[in-house]
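These are my notebook entries on one structure. I set out to look up its ring contacts and its sheets.

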Amino acid sequence: MEPNMGDRGMRHGGASYESVNYFTSTPLYAEDSYLREFNAEVVKVGPRFAVLDRTAFYPESGGQPSDTGFLVVDDREIRVRKVMVRGREIFHYLSEDVTDGIQVNGVIDWEPRYFNMRRHSGEHLLTGLFERAGAGPKVYSDLTRLEFRPSGLDEEAVRRVGAEFDEVVDANIPLTIYYTSREELEGEEDERKRSFLDKIPRALERLRMVEIPGHALTFCFGTHVRSTGEIGRLAELELKMGKRGLRTVSFVLE
Ligand SMILES: [Zn+2]
């Protein structure tokens, strides 16, 4: 990926990963969502888990599920069953114990990860389009649904958003990823951008913004496709009316 890092890009000098220095491990997935294999050193172990100095395994968070895969140790393959954030550490839950200090080769199960990247990027696009359609505050979203409350969303608006979604996919618009800071956001004239400040953990100084130019913008540390064409068109976009103005939209990609 060649995201637009601007002048504040993480490839500059010693500033690597400063946006995500929240973690004790270098989160390789944040620099390159297409990285499938990597070398790392085991820096902490426990019963069937390991922390690595760097990892391309995405830990469960933000509605995006954990990666799976394996660690190659000598000639053996040890399954990585689940990856979770524990405090500031990224824990890899394994099929067997490993030894502290050894070198490993990590391999991501690519098919489920790529499917998650497509759906998660689709979730970004839907969020932006529904926001523009006046759906009301989004209270939850994951890889299959979005919830707005209160919301006056109706069938007609959902149909329109579905058509717009497919147009943006067909236009194959590159996603843009860049970094900003609390200070910069505080000085923003755009009220919506300033509102991100309320949602971002205090401990994070550098913030990673993910934009589908013209359609969606939010802060996010997840994994994304390079361009909207990779998301693919919608096979389903369905509205459910809930109580007290809750609107749930579920989606399925082709
Ligand atoms: Zn994201």
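**Entry 1: charges over rings.** I began with Arg-119, whose charged end sits over the ring of Phe-115, 4.1 Å from the ring centre. I note that the model is a predicted one. I then looked up Arg-226 and found its charged end over the ring of Tyr-34, at 3.7 Å from the centre.

**Entry 2: the surroundings of Tyr-34.** Which residues do ring pairs link into a cluster with Tyr-34? I found Trp-110 and Tyr-114 joined with Tyr-34 in this way. I next examined Tyr-34 and Trp-110, both of which are buried.

**Entry 3: aromatic pairs.** I searched the whole structure and recorded eight aromatic pairs. For Tyr-29 and Tyr-58, the ring centres lie 5.1 Å apart and the planes meet at 85°, so I entered the pair as edge-to-face. The two residues are 29 apart in the chain: Tyr-29 belongs to helix 1 (residues 28–31), and Tyr-58 to the loop between strand 4 (54–55) and strand 5. Both Tyr-29 and Tyr-58 are buried. For Tyr-34 and Trp-110, I noted centres 6.1 Å apart and planes at 45°, so this pair is tilted. This pair also links distant parts of the chain, 76 residues apart, with Tyr-34 in the loop between helix 1 and strand 2 (37–46) and Trp-110 in helix 2 (residues 110–132).

**Entry 4: the barrel.** I turned to the strands. As a reminder to myself, strands of a sheet pair through backbone hydrogen bonds, either parallel or antiparallel. In what order do the six strands close into a barrel? I read the order as 2-3-7-6-5-8, with antiparallel pairing. Neighbouring strands of this sheet are turned by 45° against each other on average, direction ignored. I followed strand 5 (residues 69–73) to strand 8 (residues 103–108) and found four bridges between these antiparallel strands. Leu-71 has Gly-106 in strand 8 as its bridge partner.

**Entry 5: the open sheet.** I also looked up an open sheet of three strands, in the order 11-12-13 and with antiparallel pairing. Why is one side of strand 11 (176–181) and of strand 13 (216–219) left without a neighbour in the sheet? Each stands at an edge and has a single partner strand, so one side of each has no neighbour there. From one strand to the next, the twist averages 25°. Strand 12 (residues 206–212) pairs with strand 13 over four bridges in the antiparallel sense. I closed the entry with Val-210, whose bridge partner in strand 13 is Thr-218.

Key. Residues are numbered from 1 along each chain as its sequence is written. This is a predicted model: local features need pLDDT of at least 70, side-chain atom pairs count only at pLDDT 80 or more; totals for chains, interfaces and linings use all residues. Side-chain values use heavy atoms; hydrogens and water are left out. Two strands pair if DSSP finds at least two bridges between them. Axes are lines fitted to C-alpha atoms, for helices over the stretch in contact, and angles run from 0 to 180 degrees between N-to-C directions. Rings of Phe, Tyr and Trp (its six-membered ring) pair if their centres lie within 6.5 Å; planes under 30 degrees apart count as stacked, over 60 as edge-to-face and the rest as tilted. Buried means under 20% relative accessible area, exposed over 50%, partly exposed in between (1.4 Å probe, protein chains only). A charge sits over a ring if NZ of Lys or CZ of Arg is within 6 Å of the ring centre and within 35 degrees of the ring normal.
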